[in-house]
Amino acid sequence: MKQFNGKFSLMWDRPFKKMFNDPELFSDFMKSAYDFLEINEEFELGSLNSQVLLAGDNIKIKDFFCDVFAVTNNRIIILEAYNNFKIYEERKSYCYASRVYGSQLMGSDSYKEVKKVLCINIVNDKPRKNQNKNIEMYRMKDDIKIMESNPIIFVTIYLDNIRKRLYTLSEHRFIRYLRILCSSTVNEIKKISKGDKIMNKTINFINKFFTMPGNTRQDRIESDRETARDYGIDIGLKNKETQIINKLYSKNYSIQNISDTLDIPVEEVQRRLTLKK
């Protein structure tokens with residue numbers, strides 16, 4: 001297998017989802033999390049998916065996409081990666097957890113069948129200085145915040161705190177996994193996962209994923225530039241189109257005439273005119 005020698009981040013969206021979509025790796029990670037977080041339950045993975053739609057279905061509420069979604073014998077697990085975690089992202093994560101918990105049952109299902117929810121947010125950022133009013137509801141364990149209520153456990157992990165910890169060979173397996181997520185080179189991970197068959201799968205993943213065209217940092221930069229360029233062109237065309245709509249409307253063209261002339265739906269013409277107001 002080709003070796004990847006550049007720098008990377010497993011906290012980028014695609015590699016995070018791809019790596020944790022491996023059932024063996026995810027199960028080992030979660031078993032270590034259960035032990036560290038003192039969740040005294042057996043872990044038995046049922047299903048595992050990434051980029052999962054948490055739909056509003058037949059009611060008009062916002063759709064959500066969570067990074068990694070798993071169902072176990074006792075819990076539903078949401079695993080999220082954040083490179084920025086301000087109050088907006090925290091509220092979004094609360095919505096994810098509550099949506100999952102509240103959307104498990106069909107019409108005739110019993111409330112006894114509801115599974116507990118574990119939401120783990122891994123944040124590649126520094127902790128916020130000003131916490132929200134629920135700060136007293138958190139208990140601390142080795143720089144990891146846990147807000148626990150029955151039946152939802154909400155965990156926020158700041159990797160910046162993990163980076164500050166002095167590395168020891170005897171540290172908890174879960175912390176070692178977090179160190180892997182902090183790493184930016186294969187050599188760093190080799191030191192952490194040395195002799196560990198399952199953890200070494202992260203190295204195999206990196207060598208495979210980041211040597212594929214389109215997955216390096218430079219590829220991402222070029223892709224972002226292209227997306228931004230296309231987006232800018234699209235916005236420019238729409239702005240020009242809106243100017244024409246407004247000009248025609250000011251000359252007493254009817255909305256139907258504008259729609260027919262520019263081949264734009266009547267509803268869209270009305271929306272553009274409303275934006276001007």
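**Exercise 1. Find which residues Met199 touches, skipping residues up to four places away in sequence, then decide whether Met199 is buried or exposed.**

Solution. Start with the contacts: leaving out residues up to four places away in sequence, Met199 touches Arg173, Arg176, Tyr177, Ile180, Ile192 and Ser193. Keep in mind that you're looking at a predicted model.

Next, place Met199 on the chain: it sits in the loop between H6 and H7.

Now take one partner, Ile180. Met199 and Ile180 are 19 residues apart along the chain, and their C-alpha atoms are separated by 8.9 Å.

Last, the accessibility. Met199 has a relative accessible area of 0%, so Met199 is buried.

**Exercise 2. Work out how H5 and H6 run relative to each other, and which residues make their contact.**

Solution. Begin with the geometry: H5 and H6 pack at an angle of about 170 degrees, and their axes are 9 Å apart.

Then apply the cut-off: angles over 145 degrees count as roughly antiparallel. H5 and H6 are therefore roughly antiparallel to each other.

Now list the residues. From H5 come Arg176, Arg179 and Ile180, and they meet Ile189, Ile192 and Ser193 of H6. Sorted by class, this contact of H5 with H6 has 3 nonpolar, 1 polar and 2 charged residues.

**Exercise 3. Do the same for H6 and H7: find their relative direction and the handedness of their crossing.**

Solution. The axes of H6 and H7 come within 9 Å, and they cross at roughly 165 degrees. H6 and H7 are therefore roughly antiparallel to each other.

As for handedness, H6 passes H7 in a left-handed crossing.

Here's who meets whom: Val186, Ile189, Lys190 and Ser193 on the H6 side, with Thr202, Ile203, Ile206 and Asn207 on the H7 side. Split by class, the contact of H6 with H7 comes to 4 nonpolar, 3 polar and 1 charged.

Stay with H7 for one more step. This helix covers residues 201–209, and its buried residues are Thr202, Ile203, Phe205, Ile206, Asn207 and Phe209. What covers them includes H1 (13–19), H2, H5 and H6 (186–193).

**Exercise 4. Classify the packing of H2 and H5 by angle.**

Solution. H2 spans residues 23–37 and H5 spans residues 173–182; they pack at about 125 degrees, with axes 8 Å apart. That makes H2 oblique to H5. The crossing of H2 and H5 is left-handed.

On the H2 side of the contact you'll find Leu25, Asp28, Phe29, Ser32, Ala33 and Phe36, which meet Arg173, Phe174, Ile175 and Tyr177 of H5. By class, the contact of H2 with H5 holds 7 nonpolar, 1 polar and 2 charged residues.

**Exercise 5. Identify the residues with the most contacts inside the largest nonpolar core, and the helix that gives the most to this core.**

Solution. The largest nonpolar core has 48 residues, and those with the most contacts inside it are Leu10, Phe26, Met30, Ile122 and Leu181. H2 gives the most to this core, with 8 residues.

Zoom in on Ile122. Setting aside its neighbours within four places in sequence, Ile122 is in contact with residues including Met11, Phe16, Phe29, Leu79, Tyr82, Ile157, Leu178 and Leu181. Apart from this core lies another, of 13 residues, among them Cys66, Ile78, Val100 and Val117.

For some background, nonpolar side chains in soluble globular proteins tend to be buried together.

**Exercise 6. Look at the phi angles of Glu38 and Asn252: what sign do they have?**

Solution. First, the usual pattern: most residues other than glycine have a negative phi.

Glu38 isn't a glycine, yet it has a positive phi of about 60 degrees. Glu38 is in the loop between H2 and strand S1 (45–54).

Asn252 isn't a glycine either, and it has a positive phi of about 70 degrees. Asn252 is in the loop between H8 and H9 (255–262). With 71% relative accessibility, Asn252 counts as exposed.

**Exercise 7. Step back to the whole protein chain: how many helices and strands does it have?**

Solution. The protein chain has 10 helices and 7 strands. Buried residues make up 41% of its 277 residues. Of the contacts between residues at least 6 apart in sequence, 61% join residues at least 24 apart.

Conventions. Residues are numbered from 1 along each chain as its sequence is written. This is a predicted model: local features need pLDDT of at least 70, side-chain atom pairs count only at pLDDT 80 or more; totals for chains, interfaces and linings use all residues. Side-chain values use heavy atoms; hydrogens and water are left out. Axes are lines fitted to C-alpha atoms, for helices over the stretch in contact, and angles run from 0 to 180 degrees between N-to-C directions. Helices (H or I, at least four residues) and strands (E, at least two) are DSSP runs, numbered from the N terminus. Angles under 35 degrees count as roughly parallel, over 145 as roughly antiparallel, 65 to 115 as roughly perpendicular and the rest as oblique. A crossing is left-handed if the near helix is turned anticlockwise from the far one by less than a right angle, and right-handed if clockwise. Contact means heavy atoms within 4.5 Å. Ala, Val, Leu, Ile, Met, Phe, Trp, Tyr, Cys and Pro count as nonpolar, Asp, Glu, Lys and Arg as charged, and the others, Gly among them, as polar. A nonpolar core is a set of buried Ala, Val, Leu, Ile, Met, Phe, Trp, Tyr and Cys residues joined through side-chain atoms within 4.5 Å. Buried means under 20% relative accessible area, exposed over 50%, partly exposed in between (1.4 Å probe, protein chains only).
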